[in-house]
Amino acid sequence: MPEIMQTVDVVVIGAGPAGTVAASYLKKQGYQVTILEKEKFPRFQIGESLLPCCMMHLEEAGLLEAVKARNFQKKTGAAFMKGNKRCEFFFSQQFTKGWTWTWQVKRADFDLTLAEATREKGVDVNFECEVLSVQCGPDEQTLEYRDNEGGSHSIKCKFIIDSSGYGRVLPRLFDLSKPSAFTPRGAVFSHLEDKNRTQVASNNIFVHSFDNNKSWIWAIPFSDGSTSVGIVGDKEKIIALAENGGEKYKHFIQNFEDLHGRFADSEFKFEPRHILGYSIGVKKMFGEGFVLSGNSTEFLDPIFSSGVTFATASGLLSAKMTERHLKGENVDWKKDYEDVIQKGIDVFRSYVTGWYSGDFQTIVFARDIDNDIKNQICSVLAGYVWDHTNPFVKKHDTILPTLAKVIKMKEQSLA
């Protein structure tokens with residue numbers, strides 16, 4: 001029989017950014033919180049370029065100072081390249097008032113920092129604990145899990161926040177996942193020595209579009225002089241690049257013309273890794289006794305580095321909603337949680353669609369991009385996708401294709 005543990009107020013599944021933000025916030029409000037994390041930290045993870053919007057989530061959860069102390073690489077903008085075309089965005093020039101910088105981080109270090117800071121606040125953080133089953137009810141939830149020595153345990157709580165990321169514990173157990181509408185894609189990546197970069201180049205993520213907008217390269221500089229370099233493309237391309245220890249990936253990175261030899265003689269810090277078919281949706285984000293946050297909800301695409309921001313945003317909002325629920329308030333999970341998170345996801349969905357259609361590139365690489373337009377797009381790239389005073393948020397589903405069409409017509413008339 002599993003050992004019955006003491007009942008707590010909230011169990012959070014997963015110790016990534018969504019889970020630690022949720023747990024830290026609830027602990028600040030005086031609740032007893034336990035985190036169950038399947039993996040052992042530190043562990044490798046992609047999603048290494050943060051957005052400024054997530055800084056306010058970390059701050060409200062009481063985690064910002066712990067991250068500041070790590071001296072991660074400061075990020076002040078994003079640069080997009082395609083052949084000889086270049087467009088650079090600086091967060092200090094964005095439309096929305098908010099944070100004007102953030103970090104680029106090795107996720108193993110970043111996630112461990114958050115987990116350790118959360119534990120220091122009094123949250124019971126348990127690593128190498130795999131949730132096996134969950135029983136939900138109106139007032140009490142029971143989770144059975146296995147520890148790293150194979151021992152079985154049960155824990156009871158009043159509410160569950162699933163922040164299990166790609167593990168998607170409750171979507172898997174409760175059949176909540178649904179396919180993504182996006183073309184199946186993948187990524188192959190490694191960390192490289194980056195001795196050729198300048199100090200200015202360290203403050204941006206660099207994104208190179210190629211293959212008629214179907215593929216792209218990211219370059220994310222870190223504070224230790226290394227850089228994360230990945231290629232995103234359709235599944236067949238990524239599988240081919242990843243074969244034989246990433247032989248074709250290495251050759252491509254070292255010889256890609258638009259990188260101008262930046263990594264021609266760079267040392268690869270580890271053998272290239274790859275991930276396939278990461279885009280996935282969810283039928284609903286909540287149910288009796290539980291709520292989903294982070295990648296347990298929906299993951300779109302890595303192009304605009306939205307993953308951690310959605311994790312921290314949904315982690316914080318799920319915690320606030322859970323607090324209201326535990327206080328006995330009548331919570332409208334659909335209107336005040338799912339619809340809110342979905343609105344932000346839908347904004348980024350339009351931009352992901354615009355990236356692969358080429359509309360985004362048409363706009364940002366236009367001969368004379370209007371500064372107001374650029375600053376409004378910059379706010380989206382900074383993660384402020386809930387600011388509906390921004391036309392590029394409010395009209396996200398139509399504004400990119402409409403503007404791209406106007407720009408094409410104008411440039412054709414000038415040709």
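1. Strand E13 (residues 185-193) is a suitable starting point for this predicted model. Eight of its nine residues are buried, so strand E13 is largely enclosed by the rest of the structure. Burial here refers to a relative accessible area under 20%.

2. The partners of E13 may be taken in turn. Strand E16 (residues 226-234) runs antiparallel to E13 and is joined to it by nine bridges. Within this pairing, Ala-187 lies opposite Val-232 of E16. Strand E17 (residues 273-276) also pairs with E13 in the antiparallel sense, over four bridges. In that case Phe-189 faces Arg-273 of E17. As general background, strands of a sheet pair through backbone hydrogen bonds, in either a parallel or an antiparallel manner.

3. These strands belong to an open sheet of seven strands, whose order is E6-E5-E14-E15-E16-E13-E17. The pairing across the sheet is mixed. Strand E6 (85-90) and E17 occupy the edges; each has a single partner strand, so one side of each is left without a neighbour in the sheet. From one strand to the next, the twist averages 15 degrees.

4. At the E6 edge, the partner is strand E5 (residues 77-82), which runs antiparallel to E6 and is connected to it by six bridges. Met-81 has Arg-86 in E6 as its bridge partner. In a regular strand, side chains alternate between the two faces of the sheet.

5. One helix should be noted together with the sheet. Helix H6 (residues 235-255) lies across E13, E14, E15, E16 and E17. The direction of H6 is at about 145 degrees to that of E16.

6. A separate point concerns the packing of two helices. In general, such a pair is described by the angle between the axes and the distance between them. For helix H1 (residues 17-28) and helix H4 (residues 107-120), the angle is about 20 degrees and the axes are 9 Å apart. That angle makes H1 roughly parallel to H4, since angles under 35 degrees are classed in this way. The crossing of H1 past H4 is left-handed.

7. The contact between these helices can be assigned to particular residues. H1 contributes Pro-17, Thr-20, Ala-23 and Ser-24, while H4 contributes Arg-107, Phe-110, Asp-111, Leu-114, Ala-115 and Thr-118. By character, the residues of this contact comprise five nonpolar, three polar and two charged.

8. Three backbone features in loops merit inspection. As a general rule, most residues other than glycine have a negative phi, and most peptide bonds are trans. The peptide bond from Phe-41 to Pro-42 is cis, its omega being near 0 degrees. Pro-42 is located in the loop between strand E3 (33-36) and helix H2 (53-60).

9. Asp-175 has a phi near 55 degrees, which is a positive value in a residue other than glycine. Asp-175 is situated in the loop between helix H5 (169-173) and strand E12 (177-179). With a relative accessible area of 53%, Asp-175 is exposed, because the threshold for that class is over 50%.

10. Asn-213 likewise is not a glycine, and its phi is positive, at about 70 degrees. The loop that holds Asn-213 lies between strand E14 (204-210) and strand E15 (215-221). The relative accessibility of Asn-213 is 5%, and this residue therefore counts as buried. The two positive-phi residues thus fall into opposite classes: Asp-175 is exposed, whereas Asn-213 is buried.

Notes: Residues are numbered from 1 along each chain as its sequence is written. This is a predicted model: local features need pLDDT of at least 70, side-chain atom pairs count only at pLDDT 80 or more; totals for chains, interfaces and linings use all residues. Side-chain values use heavy atoms; hydrogens and water are left out. Axes are lines fitted to C-alpha atoms, for helices over the stretch in contact, and angles run from 0 to 180 degrees between N-to-C directions. Helices (H or I, at least four residues) and strands (E, at least two) are DSSP runs, numbered from the N terminus. Angles under 35 degrees count as roughly parallel, over 145 as roughly antiparallel, 65 to 115 as roughly perpendicular and the rest as oblique. A crossing is left-handed if the near helix is turned anticlockwise from the far one by less than a right angle, and right-handed if clockwise. Contact means heavy atoms within 4.5 Å. Ala, Val, Leu, Ile, Met, Phe, Trp, Tyr, Cys and Pro count as nonpolar, Asp, Glu, Lys and Arg as charged, and the others, Gly among them, as polar. Buried means under 20% relative accessible area, exposed over 50%, partly exposed in between (1.4 Å probe, protein chains only). Two strands pair if DSSP finds at least two bridges between them.
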